[in-house]
Amino acid sequence: MDLNVRTLLAPVLLLLSIGGCAPLPSGEPAAPRAEPLRYAGAYAGDLFWEGRVVMAGDVLILAGGSLTIRAGTEVLVEPAEGTQIDPDYLSSQTELLVRGRLDSAGTGSAPVRFLLVDPDVAESYAWAGITLDRAGDSRIVQTEISRADTAIRLVASSPLIEGNRIVGNRYGIIVQQQSAPKILGNTLRDGEGGIYCWRGASPYLKGNRISGHDEEAIFVDASSRPWLDRNSVTGNRIGLAIYSRDLPVDEPSFRDNGEDIRWLGRQGLPDRLP
């Protein structure tokens, strides 16, 4: 072979020789991505969720146990495929039921998100949501909840609920049975109802933005005594529906609704459940 030809082919022959012995760095296979951990059933100890996890069925945190959901976690919910009959749970749909402690600790830049595994599922409200049932010291902070029947239900529980986005659920927050949570600076939007106070509830509601609901933004039964403090309640069918005439109402908070304030019957009428 002519010397000049050999000189021109030398770099090509070198590359072919290297390729036959070992892959080029750019051709190294990527490490396989770990599948998210799946959770279902009852848990008695201290449970930690981070990254991406799947609620493959009902999750029950027993009294004495705890669930910590770290900032930036995505909780992917698998809707129940059939009717469940289990006395431990409050709904036939997939739910997170806490009888111990819950710390859903998102941040502004890294919220906790509850999402459906399959966002194309037909049901508008495809899972039950989060229920705190006589739970211990808990908080739900900077957490996004959507497409639940009731995003947050409190039964004799008084957590901190702050800075959350509760959008596209049937009901936003139901507070009942002597629950006295702090509900601060949340956005509740585009559902059937916003915040409901039942059976002796006394939440502190401050700085919440509640809009776009087909029913009441805030409903207060005759036995409940919420503290309503500078909320923004606009664009709902009814801003506030309330029985108690002696409860202080910050009337400027309720504006541009189909009906801003509806006084219901007379004090002492039985509760109306959603």
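**A walk through a parallel sheet, a cavity and two residues**

Hi everyone, let's begin with the sheet: eight strands form an open sheet with parallel pairing, in the order β2-β4-β7-β10-β13-β16-β19-β22. Its edges are taken by β2, residues 46-49, and β22, residues 227-229; each has a single partner strand, so one side of each is left without a neighbour in the sheet. On average, neighbouring strands here are turned by 10° against each other, direction ignored. Before we go on, please keep in mind that this is a predicted model.

As a bit of background, strands of a sheet pair through backbone hydrogen bonds, and they can do that either parallel or antiparallel. For an example from our sheet, look at β16, residues 182-184, and β19, residues 204-206. These two strands run parallel and are joined by three bridges. If you want one bridge to find on the screen, take Lys182, whose partner in β19 is Tyr204.

Now to the cavities. How many cavities of 30 Å³ or more does the count give? It comes to one, and the space inside the largest cavity is about 40 Å³. Thirteen residues would be a lot to read aloud, but of the 13 that line the largest cavity, those lying nearest its centre are Ile166, Asn169, Gly172, Arg189 and His213. Three elements give two or more residues each to this lining: β14 (165-167), β15 (171-176) and β17 (187-189). And what is the lining of the largest cavity made of, in terms of nonpolar, polar and charged residues? Four of its residues are nonpolar, six are polar and three are charged.

Let me finish with two single residues. Thr143 sits in strand β11, which covers residues 143-146. Is Thr143 buried or exposed? Its relative accessible area is 0%, and the cut-off for buried is under 20%, so Thr143 counts as buried. Leaving out residues up to four places away in sequence, Thr143 touches Ser104, Val112, Phe114, Gly163, Asn164 and Arg165.

The other one is Ser92. Where is Ser92 placed? You will find Ser92 in the loop between β5 (74-77) and β6 (95-98). Its relative accessibility is 34%, which falls between the limits of 20% and 50%, so Ser92 is called partly exposed. A residue to look at together with Ser92 is Trp127: the two are 35 residues apart in sequence, and their C-alpha atoms are 8.9 Å apart in space.

That's my tour, thanks for listening!

Definitions and conventions: Residues are numbered from 1 along each chain as its sequence is written. This is a predicted model: local features need pLDDT of at least 70, side-chain atom pairs count only at pLDDT 80 or more; totals for chains, interfaces and linings use all residues. Side-chain values use heavy atoms; hydrogens and water are left out. Two strands pair if DSSP finds at least two bridges between them. Helices (H or I, at least four residues) and strands (E, at least two) are DSSP runs, numbered from the N terminus. Axes are lines fitted to C-alpha atoms, for helices over the stretch in contact, and angles run from 0 to 180 degrees between N-to-C directions. On a 1 Å grid over the protein atoms alone, a cavity is a set of points where a 1.4 Å probe fits but cannot get out, and a pocket is an open set with protein on both sides within 12 Å along at least five of seven lines; lining residues have an atom within 4 Å of a point. Grid points are joined across faces, edges and corners, and a volume is the space filled by probe spheres set on the points. Ala, Val, Leu, Ile, Met, Phe, Trp, Tyr, Cys and Pro count as nonpolar, Asp, Glu, Lys and Arg as charged, and the others, Gly among them, as polar. Buried means under 20% relative accessible area, exposed over 50%, partly exposed in between (1.4 Å probe, protein chains only). Contact means heavy atoms within 4.5 Å.
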